[in-house]
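Here are some short exercises to work through with the model open in your viewer. Try each task yourself before you read the solution below it.

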Amino acid sequence: MALKDDLAAYAKSIPAELKEKKGVYTFEFTVAERKVLLSKKKLTYSAKYRIDDDKKELRFTEMLKEASSGMSSGDSDFGPGFGFKKESYKTGMGGREGGIEEQSALFGRQYTYAFDYSNVRKAMEEAASKAGFAFKYQITSIGL
């Protein structure tokens, strides 16, 4: 089985929908979601990668995104009335370790779902190694 097929099978097992655009593959899934009265907050894990057959390398980046929307009563963090808010946090060099509780502290929110980000990165790295490819982690998707 080719590296491309292995990675597609892994994304499907998470489960996450895999999309491809100009050779860059993206998958994302909701890690946690909170609903309070008429507002909703969602934490999403997103990963992007490119398979470079010429250099025999897999370039990978990951990110956490938080999006909020809905009505607030004036005591929430986006003020009175109707509002939309989107925040994001990119993982640092070498990726993030630990569960969702540690990550969500960076957002100042409390989510009750546990997700270990390093499992995704390790699975991608193992698939690349098994196929004879080098694994390169990037902080951003620029130059991916």
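**Exercise 1.** Locate L38 among the strands, decide whether L38 is buried or exposed, and find how far its C-alpha atom is from that of G70.

*Solution.*
- Step 1: In this predicted model, L38 sits in the loop that links β2 to β3.
- Step 2: The relative accessible area of L38 is 63%. The cut-off for exposed is over 50%, so L38 is exposed.
- Step 3: Although L38 and G70 are 32 residues apart along the chain, their C-alpha atoms are separated by 5.7 Å.

**Exercise 2.** Two lysines have a positive phi without being glycine: K22 and K56. Place each of them and compare their accessibility classes.

*Solution.*
- Step 1: Start with K22, whose phi is about 55°. K22 belongs to the loop between β1 (17-21) and β2.
- Step 2: With a relative accessible area of 73%, K22 is exposed.
- Step 3: Now take K56, where phi is also positive, at about 55°. The loop between β3 and β4 holds K56.
- Step 4: K56 has a relative accessible area of 38%, so K56 counts as partly exposed.
- Step 5: As an extra check on K22, pick its C-alpha atom and that of R50; 9.5 Å separates them, with the two positions 28 residues apart along the chain.

**Exercise 3.** Which residues does the cis peptide bond join, and where does P15 lie?

*Solution.*
- Step 1: Look for an omega of about 0°; the bond in question joins I14 and P15.
- Step 2: P15 is part of the loop between α1 and β1.

**Exercise 4.** Work out how helix α1 is oriented with respect to helix α3, and list the residues through which they touch.

*Solution.*
- Step 1: Helix α1 covers residues 3-13 and helix α3 covers residues 117-130; their axes come within 9 Å of each other and cross at roughly 160°.
- Step 2: Angles over 145 degrees count as roughly antiparallel, so α1 is roughly antiparallel to α3.
- Step 3: The crossing of α1 past α3 is right-handed.
- Step 4: From α1, the contact uses L3, D6, L7 and Y10, while α3 brings N119, V120, A123, M124, A127, A128 and K130.
- Step 5: Sorting these contact residues by type gives 8 nonpolar, 1 polar and 2 charged.

**Exercise 5.** How many residues has the largest nonpolar core, and which elements each supply at least two of them?

*Solution.*
- Step 1: This core has 26 residues.
- Step 2: The residues with the most contacts inside it are L7, F27, Y45, Y49, L58, F60 and M124.
- Step 3: The elements that each supply at least two core residues are helices α1 and α3, together with strands β2 (24-36), β3 (39-52), β4 (57-73) and β6.
- Step 4: Follow L7 as an example. Setting aside neighbours within four places in sequence, L7 is in contact with Y49, I51, L58, M124 and A127.

**Exercise 6.** Are K65 and Q138 buried or exposed, and what surrounds Q138?

*Solution.*
- Step 1: K65 is in strand β4. Its relative accessibility is 19%, so K65 counts as buried under the 20% cut-off.
- Step 2: The C-alpha atom of K65 is separated by 9.8 Å from that of V31, a residue 34 places away along the chain.
- Step 3: Q138 is in the segment that comes after β6 (134-137). At 16% relative accessibility, Q138 counts as buried.
- Step 4: Leaving out residues up to four places away in sequence, Q138 touches R59, F60, T61, G143 and L144.

**Exercise 7.** Step back and describe the whole protein chain: what is the order of its elements, and what share of its residues counts as buried?

*Solution.*
- Step 1: The protein chain has 3 helices and 6 strands. Read from the N terminus, their order is α-β-β-β-β-β-α-α-β.
- Step 2: Of its 144 residues, 40% count as buried.
- Step 3: Consider the contacts between residues at least 6 apart in sequence: 49% of them join residues at least 24 apart.

Terms used. Residues are numbered from 1 along each chain as its sequence is written. This is a predicted model: local features need pLDDT of at least 70, side-chain atom pairs count only at pLDDT 80 or more; totals for chains, interfaces and linings use all residues. Side-chain values use heavy atoms; hydrogens and water are left out. Axes are lines fitted to C-alpha atoms, for helices over the stretch in contact, and angles run from 0 to 180 degrees between N-to-C directions. Helices (H or I, at least four residues) and strands (E, at least two) are DSSP runs, numbered from the N terminus. Angles under 35 degrees count as roughly parallel, over 145 as roughly antiparallel, 65 to 115 as roughly perpendicular and the rest as oblique. A crossing is left-handed if the near helix is turned anticlockwise from the far one by less than a right angle, and right-handed if clockwise. Contact means heavy atoms within 4.5 Å. Ala, Val, Leu, Ile, Met, Phe, Trp, Tyr, Cys and Pro count as nonpolar, Asp, Glu, Lys and Arg as charged, and the others, Gly among them, as polar. Buried means under 20% relative accessible area, exposed over 50%, partly exposed in between (1.4 Å probe, protein chains only). A nonpolar core is a set of buried Ala, Val, Leu, Ile, Met, Phe, Trp, Tyr and Cys residues joined through side-chain atoms within 4.5 Å.
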